[in-house]
Amino acid sequence: MAPAVVQGYIIDPTQAANVDAQNEPFDYAVAAQFWGMAFTFVVALHLVSKSAGIVLQRIKS
């Protein structure tokens, strides 16, 4: 076994709350809400742009 250099970090006690917050388990309910909101936004944006395209096409012809 050969010695190796390992990079380490010293955690400041004032940052302990941030580290603990990052180590919480993954919340699937919050992730599902975020995904649903993002999906709804994308679908709404698609419908608005499609409607605008139809209106512009009517004006153009």
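**Exercise 1. Determine what share of the 61 residues in the protein chain is buried.**

*Solution.* Buried residues account for 0% of the 61 residues in the protein chain. The term buried stands for under 20% relative accessible area, exposed for over 50%, and partly exposed for the range in between, with a 1.4 Å probe and protein chains only. The model is a predicted one, in which local features need pLDDT of at least 70 and side-chain atom pairs count only at pLDDT 80 or more, while totals for chains, interfaces and linings use all residues. Residues are numbered from 1 along each chain as its sequence is written, and side-chain values use heavy atoms, with hydrogens and water left out.

**Exercise 2. Describe the overall form of the protein chain by its helices, strands and radius of gyration.**

*Solution.* Step 1: the protein chain has two helices and zero strands; these are DSSP runs, helices being H or I of at least four residues and strands E of at least two, numbered from the N terminus. Step 2: the radius of gyration is 25 Å, well over the 10 Å from the globule rule for 61 residues, so the protein chain is more spread out than a compact globule. This radius is taken over C-alpha atoms, and the rule is 2.2 Å times the number of residues to the power 0.38. Step 3: along the principal axes, the C-alpha atoms fill a box of roughly 75 × 30 × 25 Å. Step 4: the accessible surface is about 6,300 Å², and 68% of this surface belongs to carbon and sulfur atoms; such areas come from the Shrake-Rupley method with a 1.4 Å probe, and for residues only the protein chains shown count as cover.

**Exercise 3. Compare the expected span of helix α2 with the distance between its end C-alpha atoms.**

*Solution.* Step 1: helix α2 comprises 33 residues (residues 28-60). Step 2: the expected span is 1.5 Å times one less than the number of residues, and for α2 this gives 48 Å. Step 3: the end C-alpha atoms of α2 are 47 Å apart, which agrees. Step 4: at the start of α2, a side-chain oxygen of Asp27 comes to within 3.3 Å of the backbone nitrogen of Ala29.

**Exercise 4. State whether Leu47, Ser49 and Gly53 are exposed or partly exposed.**

*Solution.* Step 1: Leu47 is located in helix α2, as is Ser49, and Gly53 also has its place there. Step 2: the relative accessible area is 48% for Leu47, 45% for Ser49 and 34% for Gly53. Step 3: Leu47 is therefore partly exposed, Ser49 is partly exposed, and Gly53 counts as partly exposed.

**Exercise 5. Relate separation in sequence to separation in space for Val6, Ala4, Ser49 and Gly53.**

*Solution.* Step 1: Val6 is in the segment before α1 and is exposed at 72% relative accessibility. The C-alpha atoms of Val6 and Val19 are 20 Å apart, with their positions 13 residues apart along the chain. Step 2: Ala4 belongs to the segment before α1 (16-22) and is exposed, at 64%. From Ala4 to Trp35 the separation is 31 residues in sequence and 42 Å in space, C-alpha to C-alpha. Step 3: Ser49 and Tyr9 are 40 residues apart in sequence and 49 Å apart in space. Step 4: Gly53 and Ala2 are 51 residues apart in sequence and 66 Å apart in space.

Conventions:
Polar contact = N/O pair within 3.5 Å; in protein donor to acceptor, adjacent residues only side chain to side chain.
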